[in-house]
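Please walk me through the main packing features of this chain. Short sentences will do.

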Amino acid sequence: MTASHSDSLVVLFGATAGAYGAKLGSDERELILLVWQVVDLHSKKVGTLHKSLVKADNLELNDQCREVSGLTPEGLSKAEPLDRVLQQFSQLVSSDLKLLGRSSYTLCTDGQLLIRQVLHPEASKKNFLLSDCFYSFYDLRKEFHTCYPNSAPVKDQTIKSMAEYIGLETDETEEDFGVWQVKTMVAIIFSMLSETCNCRFTDPETVKYKYETGPCSKSEAVDSETVIRARGLPWQSSDQDIARFFKGLNIAKGGVALCLNAQGRRNGEALVRFVNPEQRDLALERHKHHMGSRYIEVYKATGEEFLKIAGGTSNEVAQFLSKENQVIIRMRGLPFTATLEDVLGFLGPECPVTGGKEGLLFVKYPDGRPTGDAFVLFSCEEYAQNALRKHKEILGKRYIELFRSTAAEVQQVLNRYLSTPLIPTLPTPIIPVIPPPYTIAAGSIRDCVRLRGLPYTAGIDDILEFMGDATADIKPHGVHMVLNQQGRPSGDAFIQMKSSDRAFLVAQKCHKKMMKDRYVEVFQCSGEEMNFVLMGGTLNRSGLSPPPCLSPPAYAAFQTAAAVIPAEAALYQPQALLSTTRTPQASAAAPPTVTYYPAQAAQLYMNYTAYYPSPPVSPTTVGYIAAPPAAVAAAASATHTPMLPQPGALVRMQGLPYNTGMKEILSFFQGYQYAPDDYNGLIQLNDQARSVLQAPKEWVCL
């Protein structure tokens, strides 16, 4: 039995098959040793010292463990597994307490790593529950620093340094590994209980039993030192799965925010907010730990990023999420005519919704039109599981998708739809110092090289350094980086050389040359092959695969066309891919990512989540400056390139019926102010469409 004001301590020490000391638990190695002893705080008596080996699933020990502990795989193979050892631990502690005449106890460990980074994560992975005593413990280092404020900082304390500070004479070599540590910790505790220190163990560390859900307001202050970004999550992961990955660490209420991509689907990332910076630092030590068969990357993040994802201002959402400790399910693909009664009937009596109609939240556009999404609250896991079994069942004439969701996802989805303007405006242009237009060459001449396996942190400068003297043979604006569907570097890049001979020499010289800590493969290829990959296709040993968004006729036409990026594309380059040398103005007015495609490919229907080309960059650094509207107009007139007048907007329409024609689109936008005739030169139009646009009118659709 444990209590917050216990009359006994159980001094506990453990070791894993891997890292030791400050890195304990950081390598996911299993526990192989537990040593403990009961201490009576009132009589200052001690119980029997117990040492127990633990049989790990992987008996391989690293060199540091072998050297420090003296243990061998042969000896560990005869031990009991962790769950049985912990049962024996509880029985022996209870027996010792009875002999001392005590009834309650609290664990005391050297730091927090054994409890938070070893025992809780391992028990979670092996699917067994720890007893209540492992959810409350004293950190001997913190208690020691409280008694001796002039001692070393808590993070620098060790058992040996604490013993030396109070003048304890101990010889580590005289005792077995683990035994010396526990005996020394007991001696330190007795010293702290002396009349000179009069230490009282009254404020233990706690481990949360479960993750608490809840809303987050955009006005809430979030400390950036408490937030991390987890990357590489399985797409079906819920907030509870993420909390389980960080088991042992205290996540703030509503502190798991799953990130969504541009289509409103999870992108494999999440922002997690912890209760204090100490917990966040421990979370960073779980970088590349595993969730199932996948390793998860853990990085620092900011409070601003967390609020952007999880924060909300809608009173409707706040009221919906005010019911705490509910299981949230997201429904997607609902008919636009679906009502509250329809959804409740679809779910049925086997999965009652919390509060009936009040437990349903439809997601709508700012003008009140339904999006086909809804969120549902359930009071328990059983009801939620019953609802999830209805995944892809039919409502009306549509199948409905059901997923686990979170409070942060509710906020994120609502924020995205409610903040989307009906007619969005273009970002502030950026004018390149170099004059447009420029050309990406096509054809079968193999005057290009492909770099594969680049470090994800590699930039244009790294590639130029990797090329060495061959940078002199790169065509102006001839470096193209390829991004993946999340907009991050894919590890590929293409470089246009001045001739096929130069491309051949570069491929021979640089193939499998190291860049940072990775070797990079370099292959000679043609401009035609480069264009296919930049526009979303794939190039591998099986040959070329066309971009998934191209119809066969358009793809055939595109094979022989030279791709020319229009000049206006140069004015709206993705910020993340611009050259690193900019004026201070550029970073302040940097636009969001906008992608442009070859002007000649009039029948090219590009999937904007496919691979993008980066802005071509020449070997010499190119600077970019933010430009006011007047400068944009001047640049346009100087280069005789059609430009967008600044008061205006381009609208992208999604979800159009396949039989929609120009007249239906024009009718849809009836009543909006038309654009000046200067727009006509920007868009590739056939004669029929041009005749419609040039007819007398009060409005026009682009």
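## Two helices crossing

H5 passes H7 in a left-handed crossing (the near helix is turned anticlockwise from the far one by less than a right angle; clockwise would be right-handed). The model is predicted, so local features need pLDDT of at least 70, side-chain atom pairs count only at pLDDT 80 or more, and totals for chains, interfaces and linings use all residues. Residues are numbered from 1 along each chain as its sequence is written, and side-chain values use heavy atoms, with hydrogens and water left out.

Helices (H or I, at least four residues) and strands (E, at least two) are DSSP runs, numbered from the N terminus. The axes of helix H5 (residues 140-147) and H7 come within 11 Å and cross at roughly 30°. Axes are lines fitted to C-alpha atoms, for helices over the stretch in contact, and angles run from 0 to 180 degrees between N-to-C directions. H5 and H7 are therefore roughly parallel to each other (angles under 35 degrees).

Which residues make the contact? H5 supplies Leu-140, Glu-143, Phe-144 and Cys-147, and H7 supplies Met-185, Ile-188, Ile-189 and Met-192. Contact means heavy atoms within 4.5 Å. These residues divide into 7 nonpolar, no polar and 1 charged. Here Ala, Val, Leu, Ile, Met, Phe, Trp, Tyr, Cys and Pro count as nonpolar, Asp, Glu, Lys and Arg as charged, and the others, Gly among them, as polar.

## Two open sheets

One open sheet has 6 strands in the order E3-E2-E1-E4-E5-E6, with mixed pairing. Two strands pair if DSSP finds at least two bridges between them. Strand E3 (50-53) and strand E6 (205-206) stand at the edges with a single partner each, so one side of each lacks a neighbour in the sheet. E4 and E5 run parallel, joined by 3 bridges. Thr-109 has Asp-139 in E5 as its bridge partner.

Another open sheet has 5 strands in the order E15-E16-E14-E18-E17, paired antiparallel. Its edges are strand E15 (360-364) and strand E17 (393-395), each with a single partner strand. The twist averages 35° from one strand to the next. E14 and E16 pair over 6 bridges. Arg-332 stands opposite Asp-373 in E16.

Helices lie on these sheets:

| Helix | Strands touched or crossed | Angle |
|---|---|---|
| H3 (residues 82-100) | E1, E2, E3, E4 | about 10° to E2 |
| H7 (residues 179-192) | E1, E2, E3, E4 | about 150° with E1 |
| H12 (residues 340-347) | E14, E15, E16, E17, E18 | about 125° to E15 |
| H13 (residues 381-388) | E14, E16, E18 | about 150° with E18 |

Key
Angles under 35 degrees count as roughly parallel, over 145 as roughly antiparallel, 65 to 115 as roughly perpendicular and the rest as oblique.
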